[in-house]
Amino acid sequence: SAMGNKSGMAIRLGNIGTVYMDQNDYPKALVHYFLALEIDSALGNKSKIALWLGNIGSLYTKIGEFENAENYLARALAVSTEIGALFYQKSHHENFVTLYDTLAEISKSKTEMAKYYQLAYNHHKKFSAISDSLFSEEKSKDIGKIETRHKIEIDEYERKQKEEQEAKIAKVEKDKDDSILLTREPCISEY
């Protein structure tokens, strides 16, 4: 469908943006992220919107456009919170930590530095809480899988035990029938 093609195009454009970002070609990365954002915005794909907004915000931090970085990261966090995308929320909080650490390091006053370090710390706490939550959720799923596998193994073991027991009973019955046949006295008829 046309919608699927557009969604796929947005993903490819975003991936190209990531390649450019990894190559430190930030202007080309931004162009591709904005194109991907435009397509996914038109499609209403909030998950991808949160991703591209976060990538744009992170890139703006790298190039020193801190006001834009803060704006795009805030929008990314709002969208990912709205849709309950914990993994993206974690990433956006981590990007806020990087932004505010950078701003603290270049601050002109101790008051400003303390403000940015406090903001970085607040986002770090949220990042850590979400990381712990995601870890716990992942471990719960792992435990559930193990419990399911264990139940299947127990059921299989019990089924085999039952089959073996039934086979033993059948063999005893058969042996009993065979011994009855063998112990009968032969009928002799007289002529």
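**Exercise 1. A salt bridge between two helices**

Task: Decide whether Glu82 is buried or exposed, and explain what its salt bridge with Lys46 ties together.

Solution.
- Step 1. In this predicted model, Glu82 has a relative accessibility of 52%. The threshold for exposed is over 50%, so Glu82 counts as exposed.
- Step 2. The partner, Lys46, has a relative accessible area of 37% and is partly exposed.
- Step 3. The closest N and O atoms of Glu82 and Lys46 are 2.3 Å apart, and the two residues form a salt bridge. Glu82 belongs to helix α4 (residues 66-82) and Lys46 to helix α3 (residues 46-62), so the pair ties together parts 36 residues apart in sequence.
- Step 4. The general principle is that side chains of opposite charge can pair when their charged atoms come close.

**Exercise 2. A salt bridge within one helix**

Task: Determine where Arg159 and Glu163 lie and which network of salt bridges includes them.

Solution.
- Step 1. Both Arg159 and Glu163 are found in helix α6 (residues 110-183), with a separation of four residues, about one turn of the helix.
- Step 2. An α-helix has 3.6 residues a turn, so residues three or four places apart point the same way.
- Step 3. The closest N and O atoms of Arg159 and Glu163 are 2.4 Å apart, and a salt bridge joins the pair.
- Step 4. Arg159 is partly exposed at 38% relative accessibility, and Glu163 is partly exposed with a relative accessible area of 42%.
- Step 5. The network of salt bridges links Glu156, Arg159 and Glu163.

**Exercise 3. Applying the distance cut-off**

Task: Show why Asp25 and Lys28 count as a salt bridge, and state how many salt bridges there are by this rule.

Solution.
- Step 1. The closest N and O atoms of Asp25 and Lys28 are 3.8 Å apart. The rule requires a side-chain nitrogen of Lys or Arg within 4 Å of a carboxyl oxygen of Asp or Glu, so the pair qualifies.
- Step 2. Asp25, with a relative accessible area of 23%, is partly exposed; Lys28, at 42% relative accessibility, is partly exposed as well.
- Step 3. The count by this rule comes to four salt bridges.

**Exercise 4. The span and burial of α2**

Task: Establish what span the 18 residues of helix α2 should have, and name residues of α2 that are buried.

Solution.
- Step 1. Helix α2 covers residues 26-43; at 1.5 Å a residue, its 18 residues should span 26 Å.
- Step 2. The end C-alpha atoms of α2 are 25 Å apart, which agrees with that expectation.
- Step 3. Buried residues in α2 include Tyr26, Ala29, Leu30, Tyr33, Ala36 and Leu37. Polar names also appear there, among them His32 and Asp40.
- Step 4. Gly44 follows α2 and has a positive phi, near 75 degrees.

**Exercise 5. The largest pocket and the overall fold**

Task: Identify which helix gives the most to the lining of the largest pocket, and describe the secondary structure of the protein.

Solution.
- Step 1. The largest pocket has a volume of about 270 Å³ and is lined by 17 residues. Nearest its centre lie Thr18, Tyr33, Leu51, Asn55 and Ser91.
- Step 2. At least two lining residues come from each of α1 (2-22), α3 and α5 (86-105). Helix α3 gives the most, with six residues.
- Step 3. The protein has six helices and zero strands, and 28% of its 191 residues count as buried.
- Step 4. Among contacts between residues at least 6 apart in sequence, 52% join residues at least 24 apart.
- Step 5. The protein exposes about 13,200 Å², of which carbon and sulfur atoms supply 56%.

Terms used
Residues numbered from 1 in each chain as written. Predicted model: local features only at pLDDT ≥ 70, side-chain atom pairs only at ≥ 80, totals over all residues. Heavy atoms only, no water. Buried < 20%, exposed > 50% of the residue type's maximum accessible area, 1.4 Å probe, protein only. Contact = heavy atoms within 4.5 Å. Areas by Shrake-Rupley, 256 points an atom, 1.4 Å probe, with all protein chains shown as cover. Expected span 1.5 Å × (residues − 1). 1 Å grid on protein atoms, 1.4 Å probe; cavity = no way out; pocket = protein on both sides within 12 Å on 5 of 7 lines; lining within 4 Å. Points joined across faces, edges and corners; volume = space filled by probe spheres on them.
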